[in-house]
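Colleague: I am new to this structure and would like a close look at a single part, the aromatic rings and what surrounds them. Could you take me through that part step by step?

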Amino acid sequence: MSTPQSGILAPIPPHARYLSFSLTPGANPRGPLRELSRVADGERIVAGIGETLALALGCTIEGLRAFPVLTGAGLDIPSTPSALWIWARGEDRGELFHRARLLARALAPAFRLDQALDAFRHGRGLDLTGYEDGTENPKGRKARVAAIVETPSRLAGSSFVAVQQWEHQFERFDAMTPRQRDDVIGRKISSNEEIARAPLSAHVKRTAQESFEPVAFVVRRSMPWADATRAGLMFVAFGATLDAFEAQLRRMAGLDDGITDALFKFTRPLTGAYFWCPGMRRGRLNLAPLGL
């Protein structure tokens with residue numbers, strides 16, 4: 001019986017480093033994946049497998065698919081698949097840098113590092129706009145039900161994750177009045193209280209998890225990122241399936257009712273990818289569904 005990678009349900013760490021890898025053409029990934037299984041403890045290193053990697057191994061992971069390309073009024077949501085995704089979590093940015101560097105070296109015989117992005121916890125879990133992220137996250141047992149595959153199957157104990165790098169345009173955000181910003185989010189920044197009469201385009205209303213049929217609960221573990229000139233949110237949402245996240249994303253793009261999420265007034269996704277996060281067995285990633 002597999003157990004979840006513990007970092008999925010654990011609180012957001014002070015620092016993180018996200019790594020995305022592509023599969024080197026002609027390379028055999030089995031050896032490096034076995035090494036990853038040994039070093040990824042599921043807490044300090046959370047690992048996800050992309051569909052292209054599963055197919056390269058001759059395997060199918062039920063429920064894993066390509067991230068959808070979506071187009072709404074004045075917006076494009078891209079799909080940027082990767083073979084392998086790593087969420088390195090820790091207390092010290094320097095230690096994370098070296099841990100990620102050594103991990104990339106161990107994977108190098110079969111995987112090419114395409115992106116490394118540092119992220120951090122801001123305040124009590126805030127987006128860089130100052131609004132709290134993940135307010136409606138399910139808690140306790142409900143979080144496990146939302147994020148972890150529990151039905152008796154070979155995937156029990158595993159999870160699926162949606163990952164998007166969003167870049168904020170702060171000059172647009174700064175140009176809004178405080179009331180306009182609250183209406184975009186659907187909450188008051190001063191109290192995090194939901195605004196009862198917020199516009200239908202407010203992000204809270206677009207993604208109210210209980211308003212979908214079936215309900216669309218996910219466990220968000222997003223973290224802010226920033227470099228010398230740009231910044232935004234690394235959106236990460238874990239689910240027992242990818243259906244809940246995808247339902248929310250389609251509604252945000254206005255594909256359900258023509259109402260676009262007001263978030264797009266100041267932010268856009270740069271990337272979008274889906275991954276399967278194996279469970280743990282005897283302290284290692286359980287890669288048996290991949291034939292390893």
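Modeller: A search of the whole structure, which is a predicted model, finds 11 aromatic pairs. One of them is formed by Tyr18 and Trp85, whose rings are stacked, with 6.3 Å from centre to centre and 20° between the planes. Tyr18 belongs to strand S1 (residues 15-23) and Trp85 to strand S5 (residues 84-90), so this pair ties together parts that are 67 residues apart in sequence. Tyr18 and Trp85 are both buried. The two rings also belong to a wider group, since ring pairs link Tyr18 and Trp85 with Trp87, Phe238 and Phe275 into a cluster.

From that cluster one can turn to a charged side chain, for Arg89 lies over the face of Trp87, at 4.7 Å from the ring centre. A second arrangement of this kind involves Arg251, which lies over the face of Phe212 at 3.6 Å from the ring centre.

A further residue to look at is Glu167, which is found in strand S7 (residues 159-168). Its relative accessibility is 14%, and therefore Glu167 counts as buried, the cut-off for that word being under 20%. When its neighbours within four places in sequence are left aside, Glu167 is in contact with the aromatic residues Trp225 and Phe266, and also with Arg230, Ala231, Gly232, Thr267, Arg268 and Leu270.

Note on methods:
Residues numbered from 1 in each chain as written. Predicted model: local features only at pLDDT ≥ 70, side-chain atom pairs only at ≥ 80, totals over all residues. Heavy atoms only, no water. Phe/Tyr/Trp six-rings, centres within 6.5 Å; stacked < 30°, edge-to-face > 60°. Helix = DSSP H or I, 4+ residues; strand = E, 2+ residues; numbered from the N terminus. Buried < 20%, exposed > 50% of the residue type's maximum accessible area, 1.4 Å probe, protein only. Lys NZ or Arg CZ within 6 Å of the ring centre and 35° of its normal. Contact = heavy atoms within 4.5 Å.
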